[in-house]
Amino acid sequence: MNKSAKTDDQEGTIYSGEYFAYVRGLFAAASVLGVAELCLNFDWFLGVPLWLKVVRVSLTVIAIGYWLGAPRYDPVLRHAFKVGLLFLFLRILTLSHAAEPMNVAFYFPVALIALMTIATTRREVWAALAICVVSFLIARAGDLPVRAYLGLSLVSGFAGYFGLSFLRFRARLFELLALLKDQTRTDQLTGLKNRRALQDDIESGFRLLESDGTGFSLLLIDVDHFKKVNDRYGHGAGDAILKLLASEIRHDVRAMDPVYAGAGTVYRFGGEEFAVILPNTDLEGASVAAERLRRRIHAKQFQADPLESPIPGGGVTISIGVAGAEPGSGWSEVYSAADQALYRAKDLGRNRVERADQQPRNGDGSNLAIAG
(Lines give C-alpha, C1' and ligand atoms only; values in the text may rest on other atoms or scores of the structure.)
Protein backbone atom coordinates (compact mmCIF):
# COMPACT_ATOMS: atom_id res chain seq x y z
CA MET A 1 0.00 0.00 0.00
CA ASN A 2 1.43 3.37 -0.98
CA LYS A 3 1.69 6.43 1.23
CA SER A 4 -1.33 8.21 -0.28
CA ALA A 5 -3.50 5.12 0.20
CA LYS A 6 -2.46 4.91 3.85
CA THR A 7 -3.25 8.59 4.29
CA ASP A 8 -6.71 8.11 2.74
CA ASP A 9 -7.36 5.15 5.06
CA GLN A 10 -6.29 7.19 8.10
CA GLU A 11 -8.53 10.10 7.09
CA GLY A 12 -11.43 7.72 6.50
CA THR A 13 -10.91 6.19 9.96
CA ILE A 14 -10.88 9.63 11.57
CA TYR A 15 -14.13 10.69 9.89
CA SER A 16 -15.75 7.32 10.60
CA GLY A 17 -14.79 7.65 14.26
CA GLU A 18 -16.22 11.16 14.46
CA TYR A 19 -19.47 10.02 12.90
CA PHE A 20 -19.61 6.98 15.20
CA ALA A 21 -19.11 9.13 18.30
CA TYR A 22 -21.73 11.61 17.10
CA VAL A 23 -24.44 9.02 16.44
CA ARG A 24 -23.71 7.13 19.63
CA GLY A 25 -23.86 10.41 21.58
CA LEU A 26 -27.31 11.14 20.18
CA PHE A 27 -28.61 7.71 21.19
CA ALA A 28 -27.02 8.09 24.62
CA ALA A 29 -28.97 11.34 25.09
CA ALA A 30 -32.13 9.69 23.76
CA SER A 31 -31.65 6.84 26.23
CA VAL A 32 -31.37 9.18 29.20
CA LEU A 33 -34.37 11.18 28.04
CA GLY A 34 -36.41 8.02 27.43
CA VAL A 35 -35.77 6.71 30.92
CA ALA A 36 -36.44 10.15 32.42
CA GLU A 37 -39.72 10.40 30.53
CA LEU A 38 -40.91 7.03 31.78
CA CYS A 39 -40.04 8.00 35.33
CA LEU A 40 -41.66 11.43 35.14
CA ASN A 41 -44.80 10.08 33.45
CA PHE A 42 -44.99 6.83 35.38
CA ASP A 43 -48.51 7.44 36.73
CA TRP A 44 -49.74 8.26 33.25
CA PHE A 45 -47.80 5.30 31.84
CA LEU A 46 -49.70 2.86 34.09
CA GLY A 47 -53.03 4.07 32.76
CA VAL A 48 -52.37 3.86 29.00
CA PRO A 49 -53.31 0.88 26.77
CA LEU A 50 -50.97 -2.09 26.60
CA TRP A 51 -49.88 -1.37 23.02
CA LEU A 52 -48.77 2.11 24.03
CA LYS A 53 -46.81 0.69 26.95
CA VAL A 54 -45.07 -1.69 24.53
CA VAL A 55 -44.23 1.13 22.14
CA ARG A 56 -42.81 3.37 24.88
CA VAL A 57 -40.72 0.57 26.38
CA SER A 58 -39.53 -0.44 22.87
CA LEU A 59 -38.40 3.11 22.18
CA THR A 60 -36.32 3.14 25.33
CA VAL A 61 -34.89 -0.33 24.62
CA ILE A 62 -33.93 0.67 21.04
CA ALA A 63 -32.15 3.81 22.22
CA ILE A 64 -30.29 2.04 25.03
CA GLY A 65 -29.53 -0.99 22.86
CA TYR A 66 -28.02 1.07 20.05
CA TRP A 67 -26.07 3.18 22.52
CA LEU A 68 -24.53 0.14 24.23
CA GLY A 69 -24.40 -2.25 21.26
CA ALA A 70 -23.14 0.13 18.56
CA PRO A 71 -19.40 -0.56 19.18
CA ARG A 72 -19.93 -4.10 17.84
CA TYR A 73 -21.21 -2.84 14.50
CA ASP A 74 -19.69 -0.87 11.68
CA PRO A 75 -21.16 2.63 12.18
CA VAL A 76 -22.32 3.09 8.62
CA LEU A 77 -24.83 5.79 7.84
CA ARG A 78 -27.41 3.41 6.37
CA HIS A 79 -27.63 1.33 9.55
CA ALA A 80 -28.04 4.35 11.82
CA PHE A 81 -30.59 5.81 9.42
CA LYS A 82 -32.71 2.65 9.62
CA VAL A 83 -32.60 2.68 13.41
CA GLY A 84 -33.55 6.36 13.43
CA LEU A 85 -36.51 5.70 11.11
CA LEU A 86 -37.72 2.88 13.36
CA PHE A 87 -37.42 5.18 16.38
CA LEU A 88 -39.45 7.87 14.59
CA PHE A 89 -42.09 5.38 13.39
CA LEU A 90 -42.70 4.10 16.90
CA ARG A 91 -43.05 7.65 18.14
CA ILE A 92 -45.62 8.42 15.45
CA LEU A 93 -47.73 5.54 16.76
CA THR A 94 -48.29 7.55 19.94
CA LEU A 95 -49.60 10.66 18.16
CA SER A 96 -53.16 9.81 19.11
CA HIS A 97 -52.16 10.57 22.70
CA ALA A 98 -50.33 13.79 21.87
CA ALA A 99 -52.91 15.84 23.75
CA GLU A 100 -52.08 14.12 27.03
CA PRO A 101 -50.41 16.68 29.31
CA MET A 102 -47.43 14.42 29.97
CA ASN A 103 -46.69 14.13 26.25
CA VAL A 104 -46.40 17.86 25.64
CA ALA A 105 -42.87 17.66 27.06
CA PHE A 106 -41.88 15.51 24.10
CA TYR A 107 -43.91 16.60 21.10
CA PHE A 108 -43.11 20.28 21.30
CA PRO A 109 -39.32 19.70 21.38
CA VAL A 110 -39.70 17.30 18.42
CA ALA A 111 -40.73 20.30 16.34
CA LEU A 112 -37.84 22.25 17.86
CA ILE A 113 -35.35 19.51 16.96
CA ALA A 114 -36.72 19.54 13.40
CA LEU A 115 -35.85 23.25 13.27
CA MET A 116 -32.35 22.43 14.51
CA THR A 117 -31.72 20.12 11.56
CA ILE A 118 -32.24 22.97 9.07
CA ALA A 119 -30.30 25.58 11.05
CA THR A 120 -27.12 26.63 9.24
CA THR A 121 -25.54 28.96 11.84
CA ARG A 122 -25.18 29.13 15.60
CA ARG A 123 -27.35 32.26 15.56
CA GLU A 124 -30.26 30.26 14.16
CA VAL A 125 -29.77 27.57 16.82
CA TRP A 126 -29.85 30.14 19.62
CA ALA A 127 -32.91 31.79 18.03
CA ALA A 128 -34.72 28.45 18.06
CA LEU A 129 -33.80 27.97 21.71
CA ALA A 130 -35.12 31.46 22.47
CA ILE A 131 -38.43 30.50 20.87
CA CYS A 132 -38.44 27.43 23.10
CA VAL A 133 -37.94 29.54 26.23
CA VAL A 134 -40.75 31.91 25.25
CA SER A 135 -43.06 28.96 24.56
CA PHE A 136 -42.05 27.45 27.87
CA LEU A 137 -43.07 30.64 29.69
CA ILE A 138 -46.36 30.77 27.79
CA ALA A 139 -47.05 27.15 28.72
CA ARG A 140 -46.83 28.06 32.40
CA ALA A 141 -50.25 29.70 32.02
CA GLY A 142 -51.78 26.28 31.40
CA ASP A 143 -52.43 23.41 33.78
CA LEU A 144 -49.40 21.28 32.90
CA PRO A 145 -48.07 19.28 35.84
CA VAL A 146 -44.72 20.24 37.30
CA ARG A 147 -43.19 17.01 36.01
CA ALA A 148 -44.19 17.97 32.46
CA TYR A 149 -42.25 21.23 32.86
CA LEU A 150 -39.22 19.22 33.95
CA GLY A 151 -39.56 16.95 30.92
CA LEU A 152 -39.88 19.97 28.65
CA SER A 153 -36.70 21.42 30.12
CA LEU A 154 -34.78 18.17 29.65
CA VAL A 155 -35.77 17.66 26.03
CA SER A 156 -35.28 21.34 25.19
CA GLY A 157 -31.76 21.08 26.54
CA PHE A 158 -31.23 18.04 24.35
CA ALA A 159 -32.55 20.03 21.37
CA GLY A 160 -29.92 22.70 21.98
CA TYR A 161 -27.19 20.07 22.25
CA PHE A 162 -28.43 18.42 19.08
CA GLY A 163 -28.51 21.69 17.13
CA LEU A 164 -24.98 22.77 18.08
CA SER A 165 -23.45 19.32 17.62
CA PHE A 166 -25.27 18.84 14.32
CA LEU A 167 -23.73 22.06 13.00
CA ARG A 168 -20.25 20.79 13.85
CA PHE A 169 -20.92 17.37 12.41
CA ARG A 170 -22.43 18.76 9.22
CA ALA A 171 -19.37 20.96 8.69
CA ARG A 172 -17.12 17.91 9.06
CA LEU A 173 -19.38 15.91 6.75
CA PHE A 174 -19.22 18.56 4.04
CA GLU A 175 -15.44 18.61 4.46
CA LEU A 176 -15.37 14.85 3.96
CA LEU A 177 -17.60 15.06 0.89
CA ALA A 178 -15.32 17.72 -0.59
CA LEU A 179 -12.34 15.45 0.09
CA LEU A 180 -14.05 12.48 -1.55
CA LYS A 181 -15.05 14.59 -4.55
CA ASP A 182 -11.46 15.75 -4.90
CA GLN A 183 -10.25 12.14 -4.75
CA THR A 184 -12.62 11.10 -7.55
CA ARG A 185 -11.11 13.85 -9.72
CA THR A 186 -7.46 13.08 -8.93
CA ASP A 187 -5.08 10.53 -10.44
CA GLN A 188 -3.56 8.56 -7.57
CA LEU A 189 -0.19 7.91 -9.22
CA THR A 190 0.75 11.42 -10.34
CA GLY A 191 -1.49 13.66 -8.23
CA LEU A 192 -2.78 15.33 -11.40
CA LYS A 193 -6.45 15.80 -12.19
CA ASN A 194 -8.03 12.86 -14.04
CA ARG A 195 -10.30 12.37 -17.06
CA ARG A 196 -13.48 13.21 -15.15
CA ALA A 197 -11.99 16.52 -14.05
CA LEU A 198 -10.79 17.16 -17.61
CA GLN A 199 -14.29 16.79 -19.03
CA ASP A 200 -15.82 18.94 -16.27
CA ASP A 201 -13.24 21.69 -16.76
CA ILE A 202 -13.62 21.68 -20.55
CA GLU A 203 -17.39 22.03 -20.18
CA SER A 204 -16.83 24.89 -17.72
CA GLY A 205 -14.45 26.47 -20.23
CA PHE A 206 -17.13 26.38 -22.93
CA ARG A 207 -19.64 28.01 -20.60
CA LEU A 208 -17.12 30.79 -19.98
CA LEU A 209 -16.49 31.07 -23.72
CA GLU A 210 -20.21 31.52 -24.40
CA SER A 211 -20.68 34.03 -21.57
CA ASP A 212 -17.75 36.42 -22.06
CA GLY A 213 -15.78 35.14 -25.05
CA THR A 214 -12.83 33.84 -23.01
CA GLY A 215 -11.44 30.94 -25.00
CA PHE A 216 -8.95 28.17 -24.29
CA SER A 217 -6.83 25.57 -26.05
CA LEU A 218 -6.43 21.86 -25.38
CA LEU A 219 -3.20 19.84 -25.60
CA LEU A 220 -3.40 16.03 -25.74
CA ILE A 221 -0.06 14.37 -24.99
CA ASP A 222 0.98 10.76 -25.52
CA VAL A 223 4.31 9.20 -24.48
CA ASP A 224 5.92 7.59 -27.52
CA HIS A 225 6.52 3.82 -27.40
CA PHE A 226 5.81 3.71 -23.68
CA LYS A 227 5.15 -0.04 -23.83
CA LYS A 228 8.79 -0.51 -24.82
CA VAL A 229 9.81 1.54 -21.79
CA ASN A 230 7.79 -0.75 -19.53
CA ASP A 231 9.11 -3.88 -21.24
CA ARG A 232 12.75 -2.75 -20.97
CA TYR A 233 12.84 -1.14 -17.53
CA GLY A 234 9.83 -2.70 -15.79
CA HIS A 235 6.45 -1.32 -14.71
CA GLY A 236 7.90 0.13 -11.51
CA ALA A 237 10.27 2.23 -13.57
CA GLY A 238 7.42 3.07 -15.94
CA ASP A 239 5.37 4.46 -13.05
CA ALA A 240 8.38 6.46 -11.86
CA ILE A 241 8.83 7.91 -15.35
CA LEU A 242 5.15 8.86 -15.52
CA LYS A 243 5.46 10.74 -12.23
CA LEU A 244 8.54 12.55 -13.51
CA LEU A 245 6.72 13.40 -16.74
CA ALA A 246 3.78 14.75 -14.76
CA SER A 247 6.16 16.94 -12.76
CA GLU A 248 7.93 18.21 -15.91
CA ILE A 249 4.68 19.01 -17.70
CA ARG A 250 3.28 20.79 -14.65
CA HIS A 251 6.50 22.76 -14.21
CA ASP A 252 6.52 23.82 -17.85
CA VAL A 253 2.86 24.88 -17.76
CA ARG A 254 3.43 26.96 -14.64
CA ALA A 255 6.48 28.57 -16.24
CA MET A 256 4.40 29.78 -19.19
CA ASP A 257 1.72 31.46 -17.05
CA PRO A 258 3.35 34.93 -17.11
CA VAL A 259 3.46 34.67 -20.92
CA TYR A 260 -0.07 33.38 -21.48
CA ALA A 261 -2.73 35.00 -19.30
CA GLY A 262 -4.30 32.40 -17.06
CA ALA A 263 -3.02 29.35 -15.19
CA GLY A 264 -2.92 26.16 -17.22
CA THR A 265 -4.10 22.85 -15.75
CA VAL A 266 -2.50 19.45 -16.32
CA TYR A 267 -4.39 16.13 -16.37
CA ARG A 268 -3.58 12.44 -16.67
CA PHE A 269 -6.50 10.72 -18.40
CA GLY A 270 -4.98 7.43 -19.49
CA GLY A 271 -2.04 5.10 -18.96
CA GLU A 272 0.60 7.27 -20.64
CA GLU A 273 -1.73 10.02 -21.83
CA PHE A 274 -1.79 13.56 -20.47
CA ALA A 275 -3.74 16.69 -21.29
CA VAL A 276 -3.31 20.41 -20.68
CA ILE A 277 -5.93 23.16 -20.75
CA LEU A 278 -4.49 26.60 -21.51
CA PRO A 279 -7.10 29.31 -20.80
CA ASN A 280 -6.92 32.63 -22.63
CA THR A 281 -4.61 31.03 -25.18
CA ASP A 282 -5.26 30.85 -28.91
CA LEU A 283 -4.21 27.97 -31.14
CA GLU A 284 -1.00 29.67 -32.23
CA GLY A 285 0.14 30.33 -28.67
CA ALA A 286 -0.82 26.83 -27.57
CA SER A 287 1.19 25.32 -30.43
CA VAL A 288 4.29 27.28 -29.43
CA ALA A 289 3.82 26.16 -25.82
CA ALA A 290 3.38 22.54 -26.95
CA GLU A 291 6.58 22.63 -29.00
CA ARG A 292 8.51 24.07 -26.08
CA LEU A 293 7.19 21.25 -23.88
CA ARG A 294 8.10 18.62 -26.50
CA ARG A 295 11.67 19.90 -26.70
CA ARG A 296 11.93 19.98 -22.91
CA ILE A 297 10.93 16.32 -22.60
CA HIS A 298 13.14 15.31 -25.53
CA ALA A 299 16.18 16.85 -23.83
CA LYS A 300 15.32 15.49 -20.38
CA GLN A 301 17.50 12.83 -18.76
CA PHE A 302 15.23 10.61 -16.66
CA GLN A 303 16.66 9.23 -13.44
CA ALA A 304 14.41 7.56 -10.85
CA ASP A 305 14.24 4.42 -8.76
CA PRO A 306 14.24 1.58 -9.70
CA LEU A 307 16.19 2.57 -12.83
CA GLU A 308 19.73 1.20 -12.67
CA SER A 309 21.07 3.98 -14.90
CA PRO A 310 19.59 7.24 -16.23
CA ILE A 311 17.62 7.26 -19.46
CA PRO A 312 19.53 9.73 -21.65
CA GLY A 313 17.99 12.67 -23.47
CA GLY A 314 15.87 11.47 -26.37
CA GLY A 315 15.12 8.19 -24.60
CA VAL A 316 11.63 9.39 -23.69
CA THR A 317 9.67 11.54 -26.16
CA ILE A 318 6.10 12.75 -26.51
CA SER A 319 3.65 13.53 -29.30
CA ILE A 320 1.14 16.35 -28.90
CA GLY A 321 -2.13 17.26 -30.58
CA VAL A 322 -3.39 20.83 -30.20
CA ALA A 323 -6.93 22.14 -30.67
CA GLY A 324 -8.67 25.39 -29.83
CA ALA A 325 -12.17 25.86 -28.45
CA GLU A 326 -14.67 27.20 -30.97
CA PRO A 327 -17.95 28.95 -30.10
CA GLY A 328 -20.91 26.64 -30.56
CA SER A 329 -18.90 23.45 -30.07
CA GLY A 330 -18.42 21.39 -26.92
CA TRP A 331 -16.37 18.82 -25.04
CA SER A 332 -16.56 16.08 -27.65
CA GLU A 333 -15.67 18.38 -30.58
CA VAL A 334 -12.54 19.94 -29.07
CA TYR A 335 -11.39 16.61 -27.63
CA SER A 336 -11.90 14.83 -30.96
CA ALA A 337 -10.03 17.58 -32.83
CA ALA A 338 -7.04 17.37 -30.48
CA ASP A 339 -7.15 13.57 -30.56
CA GLN A 340 -7.06 13.47 -34.36
CA ALA A 341 -4.13 15.90 -34.36
CA LEU A 342 -2.34 13.68 -31.83
CA TYR A 343 -2.79 10.56 -33.95
CA ARG A 344 -1.56 12.47 -36.99
CA ALA A 345 1.57 13.39 -35.03
CA LYS A 346 2.13 9.73 -34.21
CA ASP A 347 1.52 8.63 -37.80
CA LEU A 348 4.07 11.17 -39.02
CA GLY A 349 6.84 9.71 -36.91
CA ARG A 350 6.11 10.74 -33.30
CA ASN A 351 8.06 13.23 -31.16
CA ARG A 352 6.24 16.12 -32.81
CA VAL A 353 3.37 18.59 -32.43
CA GLU A 354 0.37 18.78 -34.76
CA ARG A 355 -2.43 21.32 -34.84
CA ALA A 356 -6.04 20.44 -35.45
CA ASP A 357 -6.45 23.17 -38.09
CA GLN A 358 -3.48 22.17 -40.28
CA GLN A 359 -2.61 19.18 -42.42
CA PRO A 360 0.91 18.11 -43.51
CA ARG A 361 1.82 19.27 -47.00
CA ASN A 362 3.00 17.00 -49.79
CA GLY A 363 3.21 14.06 -47.41
CA ASP A 364 6.80 15.00 -46.52
CA GLY A 365 6.18 14.56 -42.79
CA SER A 366 7.44 18.03 -41.91
CA ASN A 367 5.92 19.64 -38.83
CA LEU A 368 4.04 22.54 -40.36
CA ALA A 369 2.31 23.40 -37.13
CA ILE A 370 5.43 24.84 -35.54
CA ALA A 371 7.70 27.31 -37.19
CA GLY A 372 11.39 26.37 -36.86
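Visitor: Why does Glu248 count as buried?
Guide: In this predicted model, Glu248 has a relative accessibility of 12%. The cut-off for buried is under 20%, so at 12% Glu248 counts as buried.

Visitor: What makes Arg296 partly exposed?
Guide: Its relative accessible area is 29%. Partly exposed lies between the buried limit of under 20% and the exposed limit of over 50%, so Arg296 with 29% lands in that middle class.

Visitor: How do you know that the side chains of Arg296 and Glu248 meet in a salt bridge?
Guide: Look at the N to O distance, which is 2.8 Å. A salt bridge needs the nitrogen within 4 Å of the carboxyl oxygen, so 2.8 Å passes. What the pair joins is distant along the chain: Arg296 sits in helix H11 and Glu248 in helix H10, 48 residues apart. There's a bigger group here too, as Glu248, Asp252, Arg292, Arg296 and Lys300 are linked in a network of salt bridges. Over the whole structure, you'd find 17 salt bridges.

Visitor: How do you know that the length of H10 agrees with what a helix should span?
Guide: H10 covers residues 235-255, which makes 21 residues. At 1.5 Å a residue they should span 30 Å, and the end C-alpha atoms are 30 Å apart, so the two agree.

Visitor: And which residues of H10 are buried?
Guide: Quite a list, including Ala237, Ile241, Leu245, Glu248, Ile249 and Asp252. The buried residues of H10 pack against strands E1 (216-223), E2 (265-268) and E3 (273-279), and against helices H9 (226-233) and H11 (283-299).

Visitor: Why are H9 and H10 called oblique to each other?
Guide: Their axes cross at roughly 130° and come within 7 Å. Roughly perpendicular stops at 115 degrees and roughly antiparallel starts over 145, so an angle of roughly 130° falls in neither class, and the two helices are oblique. If you want to find where they touch, Phe226, Val229, Asn230 and Tyr233 in H9 meet His235, Ala237, Gly238, Ile241 and Leu242 in H10.

Visitor: What about H11: how do you know that its span agrees?
Guide: Run the check on its 17 residues: they should span 24 Å at 1.5 Å a residue, and the end C-alpha atoms are 24 Å apart, so this one agrees. Among its buried residues are Leu283, Ala286, Ala290, Leu293 and Ile297. The buried residues of H11 pack against H10 and against strands E1, E3, E4 and E5.

Visitor: What makes Arg355 buried?
Guide: Its relative accessible area is 7%. Buried means under 20%, so Arg355 at 7% is buried. Arg355 forms a salt bridge with Glu284, the closest N and O atoms being 2.6 Å apart. That pair also links distant parts of the chain: Arg355 is in strand E5 and Glu284 is in helix H11, 71 residues apart. Another partner of Arg355 is Asp357, with the closest N and O atoms 2.9 Å apart.

Visitor: Are those partners, Glu284 and Asp357, buried or partly exposed?
Guide: Glu284 has a relative accessibility of 43%, and Asp357 has 47%. Exposed would need over 50% and buried under 20%, so both Glu284 and Asp357 count as partly exposed.

Visitor: In which order do the five strands of the open sheet lie?
Guide: The order is E2-E3-E1-E4-E5, and the pairing is mixed.

Visitor: What makes E2 and E5 the edge strands?
Guide: Each of them pairs on one side only. From one strand to the next, the twist averages 20°.

Visitor: How do you know that E2 and E3 pair?
Guide: They share four bridges, in the antiparallel sense. Pairing takes at least two bridges, so four is enough. You can look up one of the partners: Thr265 is bridged to Ile277 in E3.

Visitor: Which strands does helix H12 touch as it packs on the sheet?
Guide: H12 (residues 331-347) touches E1, E4 (318-324) and E5, and its direction makes about 145° with that of E4. Trp331, Val334, Tyr335 and Leu342 are among the buried residues of H12. Besides those three strands, the buried residues of H12 also pack against helix H8 (195-212). Just after H12 comes Gly349, which takes a positive phi of about 120°.

Key: Residues are numbered from 1 along each chain as its sequence is written. This is a predicted model: local features need pLDDT of at least 70, side-chain atom pairs count only at pLDDT 80 or more; totals for chains, interfaces and linings use all residues. Side-chain values use heavy atoms; hydrogens and water are left out. The expected span of a helix is 1.5 Å times one less than its number of residues. Buried means under 20% relative accessible area, exposed over 50%, partly exposed in between (1.4 Å probe, protein chains only). Contact means heavy atoms within 4.5 Å. Axes are lines fitted to C-alpha atoms, for helices over the stretch in contact, and angles run from 0 to 180 degrees between N-to-C directions.
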